[in-house]
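Q: Could you go through this one with me? I'd like to start with the contact between the chains and then look inside one of them.

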Amino acid sequence: MKVNVLFFGVTADIIGVRELELTAEEPTTAGSIINQLSRQHPALANHKLLIAINEEYADANTVLNDGDELALFTAVSGG
Amino acid sequence: MSVTIVIPTPLRQFAGGNSEVEVSAATAGDALRELTTEHGELRKHLYNDQDKLRNFINVYVGDEDIRHLDGPATVVKDGETIMIVPSIAGGSAVGTRTFLSADLDADKQSRVPTELSNDEIARYSRHLILPEVGLEGQKKLKNARVLTIGTGGLGSPLGLYLAAAGVGTIGVVDFDVVDSSNLQRQIIHGTKDVGRSKIESARDRLQDINPHTKVEAFETRLTSENALELFKEFDVIVDGTDNFPTRYLVNDASVLTGKPNVYGSIFRFEGQASVFWAEKGACYRCLYPEPPPPGLVPSCAEGGVLGVLPGIVGTIQANEVIKVILGAEGILLNRLLLFDAWKMTFRQLKLRKDPECPLCGDNPTIKELIDYEQFCGLKDPVEAKPDLEEITVTELKALFDSGADFQLIDVREPHEFEIARIPTAKLIPLGEVVNRICEIKGAKTTVVQCKGGVRSAKAIQYLKDAGFEGRLINLKGGIRAWSNEVDPSVPRY
């Protein structure tokens, strides 16, 4: 199945793009997608990532469906 | 008859924290009796031993003091508003305000029923003809007390629009001084203000925009010691700070005092905004239970920020503040707005109050303000890496002058290297140091440098972790210190 992953803030810096389409085995959770990404981009694992699935705040155990949009972001402090 | 009694700030603590209480009564006296029956603690503040209204308590029906009408027997109409106004002379008896640096005077403590002058009617005419604002709404704005934390990138547009919109009292908290590097985005300050205190500069500008707005300036750092007392005096809190400890402090103090916290935050080209209001929805901790590890998310000073970005996010905050005051529906509650100025996209994420939230959840464990520096991991001594060798810029200069054989590695980004550099420095950006480790000669002493000394310390850690065995020395204060102390001809950025 395919998942569209969006990166915000520091996560975009780490991955190098702001959007990525990933293919994953079913069933897949948001957490396993993050693990998959962290293997290629170890710096990702340093961050407390926040997750939104289809524009709704979610946690890492949430199971994804084909075509879901997964957004990863971190807190930012600038002002 | 259903009437609304408006409770002044100092008395709200005795009325369950309510700013307004609705009661059913035919006269002003009955209405106050109803109120004190519902909130027994208020009785001794309103009535003396002879059961008479205390002489420093003024009661207004409509726009008139009931002493000029029929006293407690003054008839109230259905839907009418009764205001309790502690008088100026006696104000301190009901509400002590001990906040130190506030330049308050007594008349700001009480809320006299608001009327708009002809001047104000002309000034706010574009609001007044909006049914959603109108005269009532404009009076609400005039009565409102909004506290803005920070007069930086977010606080600038926010303050300007709140003053322009006719918010009656704007509190501003800042302790910083205007620097020329602020002017790219902090539009409340001008070139002539460089070197002045931000609070003074902001006050002048706000007063110039709207002399009807009272500006209460607090030239202080917001701390766990002063936040609650300060927040209690305001209706809406706006978070325009630039660091995580203060953001958690603002959130916690807002929740503990029951105030809405209108939040905005920025990073390079991206902004976030929301209204956190524990009584009605999620708080900041429901979204971000824990702060990121220190140093992982760059600040604006480290990561840069598009100047117009805080302008957009700050005006979104101003918009939400005004809606909160007007009691509008559709405030940014339980939603996190994510704005990307580079892609020009707005997205919003649905948030929910977290029942497990340690602050506003079902079983809160945080009941008072804590040490936020510690909470955010900033008190763990950075010098926890005892093996980090450092030199100052003057020592580096001496090294150059002595003709010592060493290499200087600059771990900033190429665009920063373009702006300014220290002679002989070789550029290897932080993200590449490990991959390009072979370009650093292990046999030579290596001084590592960045803009301020943080990234270079990280680079040294990365190199050591990667097995680099040569001598690595961190340049304290980076190229900024070099420019300040050794060679002023190197531009500061």
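What follows is a short exchange about a predicted model.

Q: How many residues does each chain bring to the contact?
A: Chain A takes part with 22 residues and chain B with 39 residues, and the area buried between chain A and chain B is about 2,700 Å², with 56% of that area coming from carbon and sulfur atoms.

Q: And how many salt bridges across the interface of chain A and chain B?
A: The rule finds 8 salt bridges there; one of the salt bridges joins B:Arg352 to A:Glu56, where the closest N and O atoms are 2.4 Å apart.

Q: Which elements of chain A give two or more residues to the side that touches chain B?
A: Those are helix H1 (10-15) and the strands E4 (50-53), E5 (56-58) and E7 (69-73) of chain A, and by class that side of chain A has 9 nonpolar, 7 polar and 6 charged residues.

Q: Switching topic: is B:Ile66 buried or exposed?
A: B:Ile66 counts as buried because its relative accessibility is 4%, where the cut-off is under 20%. B:Ile66 is found in the loop between strand E4 (64-65) and strand E5 (81-86) of chain B.

Q: What is B:Ile66 in contact with, leaving aside neighbours within four places in sequence?
A: Its partners are B:Ala28, B:Leu53, B:Val59, B:Val61, B:Gly71, B:Pro72 and B:Thr74.

Q: Which residues of helix H2 of chain B are buried?
A: In helix H2 (residues 28-38) of chain B, the buried residues are B:Ala28, B:Gly29, B:Ala31, B:Leu32, B:Leu35 and B:Thr36. They lie on the same side of H2(B), because they cover an arc of only 160° around the axis.

Technical notes
Residues numbered from 1 in each chain as written. Chains lettered and ligands numbered in written order. Predicted model: local features only at pLDDT ≥ 70, side-chain atom pairs only at ≥ 80, totals over all residues. Heavy atoms only, no water. Helix = DSSP H or I, 4+ residues; strand = E, 2+ residues; numbered from the N terminus. Buried < 20%, exposed > 50% of the residue type's maximum accessible area, 1.4 Å probe, protein only. Contact = heavy atoms within 4.5 Å. Arc of directions from axis to C-beta. Buried area = accessible area lost by both parts, 1.4 Å probe. Salt bridge = Lys/Arg side-chain N within 4 Å of Asp/Glu carboxyl O. Nonpolar A, V, L, I, M, F, W, Y, C, P; charged D, E, K, R; others polar.
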